[in-house]
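Hi everyone, thanks for coming. Let's take a few minutes to look at a structure together and see how its parts meet.

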There are 2 protein chains.
Amino acid sequence: MRNKDCRGHLWWHGRFRGCGYRITLAREAILEVLSRANQHLSAEDIYIKVHPMYPNIGLTTVYRTLDVLVDLGLVFKFDFGDKRARYELAEGPKGAHHHHHLICTNCKRVIDYTDFIDEEVELLNQTEKGLSKKYNFMITNHLIQFYGLCDKCNNKK
Amino acid sequence: MRNKDCRGHLWWHGRFRGCGYRITLAREAILEVLSRANQHLSAEDIYIKVHPMYPNIGLTTVYRTLDVLVDLGLVFKFDFGDKRARYELAEGPKGAHHHHHLICTNCKRVIDYTDFIDEEVELLNQTEKGLSKKYNFMITNHLIQFYGLCDKCNNKK
DNA sequence: ATTATAATGAAAATGGTTGTCATTAACAAT
DNA sequence: ATTGTTAATGACAACCATTTTCATTATAAT
């Protein structure tokens with residue numbers, strides 16, 4: 001049963017409508033999962049989380065929905081070096097949950113960090129402005145990741 | 001015929017031997033291609049460039065060699081959003097050719113930029129130090145990419 | 001030269017992601 | 001509320017970069 005009270009109230013509905021996308025149960029469910037999850041989910045992770053409540057939402061739809069969400073800038077898509085792509089709700093660089101990643105190249109563990117974010121973002125803004133002008137490039141997003149060995153993997157070697 | 005004069009003279013031989021890797025014709029050829037190429041090659045690109053001279057080096061070997069090179073830190077592996085991975089000789093953050101990437105999310109064009117690198121690298125070094133200490137993480141590399149629309153794609157829309 | 005074992009090539013397998021197409025659902029117009 | 005247009009969906013097949021397998025070959029320590 002659709003929650004009618006939410007119709008038109010959810011922050012992302014306008015964004016959807018404005019671009020000619022329809023608001024569907026699948027999309028609501030997937031966005032719901034993404035906003036509850038606080039960690040980088042793969043398409044399959046999302047599929048599995050959505051399945052118990054909505055068993056008729058297929059993996060294909062999850063992929064398609066994620067494509068749309070990424071396209072709209074509502075979701076970020078990451079590659080952490082294992083095969084599968086990971087998805088994460090975008091709060092925007094100014095958003096409260098904005099963070100960068102620290103990735104262990106050995107065990108693929110991912111640490112989100114928010115330290116130093118302010119300084120980084122300030123510099124990035126300057127850089128973005130400079131690059132935009134020089135290359136006539138409309139920058140919409142950035143990716144910063146540090147790679148290395150986490151404490152556990154470092155001790156093993 | 002192996003070039004005997006180079007045996008032991010090339011900068012990377014020691015690195016290889018030290019880790020128990022053998023020095024083979026295939027590896028020399030692939031590194032040669034990588035050091036000539038000044039742009040992000042895919043595994044297949046490399047295979048094709050190596051093939052005329054050494055037709056018996058297979059794509060599988062290219063993949064395996066690249067894995068080794070990435071593991072040794074001699075080569076960086078990138079994901080620009082099209083399906084295939086790209087490889088590039090690592091000169092290290094202090095290296096002369098160090099650059100970051102500006103990626104068009106529409107046409108997948110990649111622009112290397114070296115502007116602002118100095119300021120960025122300085123901040124990154126500080127950040128790395130802080131992160132290393134806080135998370136007891138041994139940082140070996142970083143990735144910075146800006147995403148957006150290049151001039152051509154921006155005008156079209 | 002001999003030997004242990006790392007590296008290789010060819011072919012098959014893998015597996016995340018995309019394409020196809022008939023069916024269903026959203027929603028604007030009535 | 002009903003209808004008509006068209007976007008969205010699900011099931012399944014196809015795709016294709018990358019890995020695995022395994023028998024063979026080449027490297028380099030002895």
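I'll talk about the contact between the chains, then the symmetry, and then one sheet inside chain A. Please keep in mind that this is a predicted model.

Let's begin with the contact. How many residues does each chain bring to it? Chain B gives 36 residues, and chain A gives 36 residues too. Putting the two together buries an area of about 3300 Å², and carbon and sulfur atoms account for 69% of that.

Now the polar side of the story. Between chain B and chain A there are two salt bridges. One of them joins B:Lys134 to A:Asp115, where the closest N and O atoms lie 2.6 Å apart. There are also 14 residue pairs in polar contact between the chains, counting pairs with both residues at pLDDT 80 or more.

Which element gives the most to the side of chain B that touches chain A? That is E6(B), with 12 residues. If we sort this side of chain B by class, we get 19 nonpolar, nine polar and eight charged residues.

Let's stay with that strand for a moment. Strand E6 of chain A, residues 138–149, is joined to E6(B) by 11 bridges, and the two strands run antiparallel. To find one pairing on the screen, look for A:Ile139, whose bridge partner in E6(B) is B:Gly148. As a reminder, strands of a sheet pair through backbone hydrogen bonds, either parallel or antiparallel.

Next, symmetry. In general, two copies of a chain are related by a rotation about an axis and a shift along it. Here, a turn of 179° with a shift of 0.0 Å along the axis lays chain B on chain A with an RMSD of 0.2 Å. The two copies are therefore related as by a two-fold rotation axis. In chain B, the C-alpha nearest that axis belongs to B:Ile144, at 2.4 Å. And because 100% of the interface residues of chain B are also interface residues in chain A, the copies meet through the same surface.

Last stop: a sheet within chain A. This open sheet has three strands in the order E1-E3-E2, paired antiparallel. Why do E1 (41–42) and E2 (75–79) each have one side without a neighbour in the sheet? Both stand at the edges with a single partner strand, so one side of each is left free of a neighbour there. Five bridges join E2(A) to strand E3 of chain A, residues 85–89. Among those pairings, A:Lys77 has A:Tyr87 as its bridge partner in E3(A).

Thanks for listening!

Definitions and conventions
Residues numbered from 1 in each chain as written. Chains lettered and ligands numbered in written order. Predicted model: local features only at pLDDT ≥ 70, side-chain atom pairs only at ≥ 80, totals over all residues. Heavy atoms only, no water. Contact = heavy atoms within 4.5 Å. Buried area = accessible area lost by both parts, 1.4 Å probe. Salt bridge = Lys/Arg side-chain N within 4 Å of Asp/Glu carboxyl O. Polar contact = N/O pair within 3.5 Å; in protein donor to acceptor, adjacent residues only side chain to side chain. Helix = DSSP H or I, 4+ residues; strand = E, 2+ residues; numbered from the N terminus. Nonpolar A, V, L, I, M, F, W, Y, C, P; charged D, E, K, R; others polar. Pairing = 2+ DSSP bridges. Least-squares fit on C-alpha atoms with pLDDT ≥ 70 in both.
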